[in-house]
Each structure stands twice: as C-alpha cells, then as structure tokens.
Amino acid sequence: MRTIVVDAVSLRYPDRDTAAVDQVSLTIEAGQTVAFVGENGSGKSTLATMIATLRTPTGGTIRYNGRPTDDWDTDALRARIAVVTQEYHKWPFTAATNIAIGDLDVGCEQDRIEAAAARAVAHNMINELPHGYDTLLDRTFAGGQDLSGGQWQRITAARGFLRDADLLIMDEPSSALDPRAEDALFQAIRDRQGHGITILITHRLANVRHADRIYVLHRGRLVEAGTHDDLLAGGGRYAELFTLQAAGYATPVSLPRQTATLG
Ligand SMILES: Nc1ncnc2c1ncn2[C@@H]1O[C@H](COP(=O)(O)OP(=O)(O)OP(=O)(O)O)[C@@H](O)[C@H]1O
C-alpha cells in the first residue's frame with residue numbers, strides 16, 4: 001500500500017445530530033506509523049473503521065493508492081488490512097485457532113502463528129497453558145481454560161500481527177496489559193515502522209511519541225497534526241494532554257504514614 005488519502009471524510013450516525021467525524025482530511029504514506037489521539041468520543045475509532053472499510057463515510061472519499069474504496073474489490077482490500085480493537089471475540093477453539101481465526105481460509109502454519117504470538121507477547125503465556133497452542137480456550141468444555149482480560153488482549157494482538165497486513169489498525173491494544181507486556185507490544189508495533197502502514201489509537205500518549213505523525217481529533221474534527229515534538233512545541237491540545245499525563249507519572253509517590261487498620 002503506497003498511500004491512503006482521507007479526503008474531507010465525515011460520518012454522522014443515524015441517531016445523532018452532530019457528525020462523529022467531520023470533514024477530516026489527511027494522507028498516510030507507505031511505511032508510516034500514525035496515531036489518532038483525542039478525548040473520549042472525539043471520533044478516533046469511527047475514523048479508523050472508515051479507513052478499514054468497515055464503515056462507509058456519509059461524506060468525502062477515502063483512496064487507497066489513488067483509487068477510491070468503491071473501485072476496489074472489498075474482500076481483496078480487506079485481506080490487506082488487519083484491525084485490532086478492544087472488543088474482541090473469545091472463540092471456543094484452541095489458542096492457535098483463536099489467533100488464526102481470520103485467516104483460516106488461506107491456511108496458517110504453526111510457525112507463523114507462533115511468530116505472531118511472540119510479537120504480541122503471547123507466546124510464553126500460551127506455552128504455559130496445559131496443552132500449549134492446542135489448549136481449548138473455553139472453560140465449558142472438558143480440559144478447556146479461560147484467560148484473563150490481558151491474556152485475551154495478547155491473543156487479539158497476535159491476530160493483528162498474523163496477517164502481516166499492508167495496513168494494521170490497533171485501537172487501544174494495550175488497555176488491559178501489564179507495563180512489561182505493554183512495552184513489548186509497542187516495541188513490536190514500532191518494528192513495523194518503515195514497512196507497513198500502522199494506525200495506532202491510544203490514550204497512553206507516551207506510546208505515540210515515535211509516530212511519524214500524530215493526528216489530534218476533537219469533537220470529530222482534526223484540530224492538530226504533526227510529530228510529537230511539533231505538537232509539544234505548538235502548545236495546543238496535544239501538549240496539554242501529554243503534559244497532564246506526564247505530570248501524573250512524575251509526581252513522587254508518597255506512602256501513607258499510618259497503615260489503615262482493618263476490621
Ligand atoms: N454505533 C454508534 N452509534 C451512534 N453513535 C456512535 C456509535 N459509535 C460511536 N458513536 C458516537 O460517535 C462519537 C465518536 O465516537 P468514537 O467511538 O469514534 O470516539 P473515540 O474518539 O474513538 O472515543 P473513545 O476514546 O472513547 O474510544 C461519540 O459521540 C459516540 O457517542
């Protein structure tokens with residue numbers, strides 16, 4: 001994929017008075033990692049799902065390599081796109097099948113599944129399950145096992161890496177991950193930089209510093225765009241949100257002087 005052009009794209013949900021995404025224009029070049037940031041409800045996921053061809057804009061056009069999405073064979077286009085969201089499905093199949101679920105029609109070798117799991121910090125965790133990759137991830141079956149939220153999120157991220165897609169969209173991929181897993185996942189996302197296009201949506205702004213371009217959305221509109229350094233220097237909304245979050249981490253932790261008495 002050489003370019004994705006988003007040209008004055010809008011989307012208004014049928015039951016809403018205002019547009020969730022309002023006349024947004026941006027261009028993503030081959031190999032770029034870009035981030036969509038902004039407060040809750042600012043339109044990040046809606047914009048990403050339109051770019052992933054999962055929703056149709058109510059205004060404007062999206063072009064892949066210069067051709068509007070309508071001119072593409074939808075299945076062929078979607079086969080080049082992988083989307084990881086917070087709302088994942090838990091399939092009552094093995095760990096391996098849960099990772100390969102979107103690509104079963106093309107067949108997946110075990111080593112590819114394991115490589116994707118490793119990038120998603122899931123490989124060791126799966127190996128520790130009673131039957132490794134063959135463990136059934138559903139407790140209602142004999143020998144089956146459920147996973148924690150963070151473990152499921154790793155399986156979901158592995159689904160995204162498996163396809164080695166031209167475009168990978170990661171929408172809050174780390175909300176349930178522990179700090180070590182989160183750091184490793186974002187390193188794997190950074191490793192794509194210069195190869196495929198990655199769109200990253202996250203509220204943890206420390207993780208978007210390396211993005212080639214950061215797009216800031218507010219009430220559906222694109223209000224700022226630039227690198228982390230550009231946006232910090234600009235002193236706008238991104239700088240405000242980043243500084244607010246960084247201050248939370250910089251504050252020294254003061255332990256309470258007295259231990260609360262239980263009972
Ligand atoms: N299926 C839907 N039907 C109606 N309105 C929706 C739907 N999905 C989202 N919205 C509305 O569209 C707006 C943008 O939502 P969206 O999920 O794109 O924001 P977001 O920036 O991704 O938010 P968050 O940070 O909370 O994930 C919000 O006002 C939301 O309430």
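Trainee: What makes S6 and S7 partners, and do they run parallel or antiparallel?

Mentor: Two strands pair if DSSP finds at least two bridges between them, and four bridges join S6 to S7, so the definition is met; the two strands run parallel. Within this pair, Val-83 stands opposite Ile-169 in S7. The labels refer to DSSP runs numbered from the N terminus, with strands (E) of at least two residues and helices (H or I) of at least four. This is a predicted model, in which local features need pLDDT of at least 70 and side-chain atom pairs count only at pLDDT 80 or more, whereas totals for chains, interfaces and linings use all residues. Residue numbers start from 1 along each chain, following the sequence as written.

Trainee: Which strands form the open sheet with mixed pairing, and which are its edge strands?

Mentor: The sheet has six strands in the order S6-S7-S8-S3-S9-S10. Its edges are S6 (81-84) and S10 (221-226), each of which pairs on one side only. From one strand to the next, the twist averages 15 degrees. The pairing is called mixed: S6 and S7 run parallel, whereas S9 (residues 213-218) and S10 are antiparallel over five bridges, with His-218 opposite Arg-221 in S10.

Trainee: How do you know that both faces of S6 are covered?

Mentor: Ile-81 and Val-83 on one side, and Ala-82 and Val-84 on the other, are all buried, a term that requires 20 or more other C-beta atoms within 10 Å of the residue's own, placed from the backbone (12 or fewer makes a residue exposed, and the range in between partly exposed).

Trainee: Why is Asn-65 called exposed, and why does Val-121 count as buried?

Mentor: Asn-65 has 12 other C-beta atoms within 10 Å, so it is exposed, while Val-121 has 25 such neighbours inside 10 Å and therefore counts as buried. Asn-65 is found in the loop between S4 and S5, and Val-121 in the loop between H4 and H5. Neither is a glycine, yet Asn-65 has a positive phi of about 45 degrees and Val-121 one near 55 degrees.

Trainee: Why is H6 described as largely enclosed by the rest of the structure, and what do its end C-alpha atoms show about its span?

Mentor: Eleven of its 14 residues are buried, so H6 is largely enclosed; among them are Arg-154, Ile-155 and Phe-161. The buried residues pack against S6, H3 (95-100), H4 (110-119), H5 (123-127), S7 and H7 (179-190), where contact requires C-beta atoms, placed from the backbone, within 7 Å. The expected span of a helix is 1.5 Å times one less than its number of residues, which gives 20 Å for H6 (residues 149-162), and its end C-alpha atoms are 20 Å apart, so the two agree. Just after H6, Asp-164 takes a positive phi of about 50 degrees.

Trainee: What makes a residue part of the shell around the ligand, and how many of its residues are nonpolar, polar and charged?

Mentor: A residue is near a molecule if its C-beta atom, placed from the backbone, lies within 6 Å of it. The residues around the ligand include Tyr-13, Asp-15, Arg-16, Gly-41, Lys-44 and Thr-46. The shell has two nonpolar, seven polar and three charged residues, where Ala, Val, Leu, Ile, Met, Phe, Trp, Tyr, Cys and Pro count as nonpolar, Asp, Glu, Lys and Arg as charged, and the others, Gly among them, as polar.

Definitions and conventions:
Axes are lines fitted to C-alpha atoms, for helices over the stretch in contact, and angles run from 0 to 180 degrees between N-to-C directions. Two residues are in contact if their C-beta atoms, placed from the backbone, lie within 7 Å.
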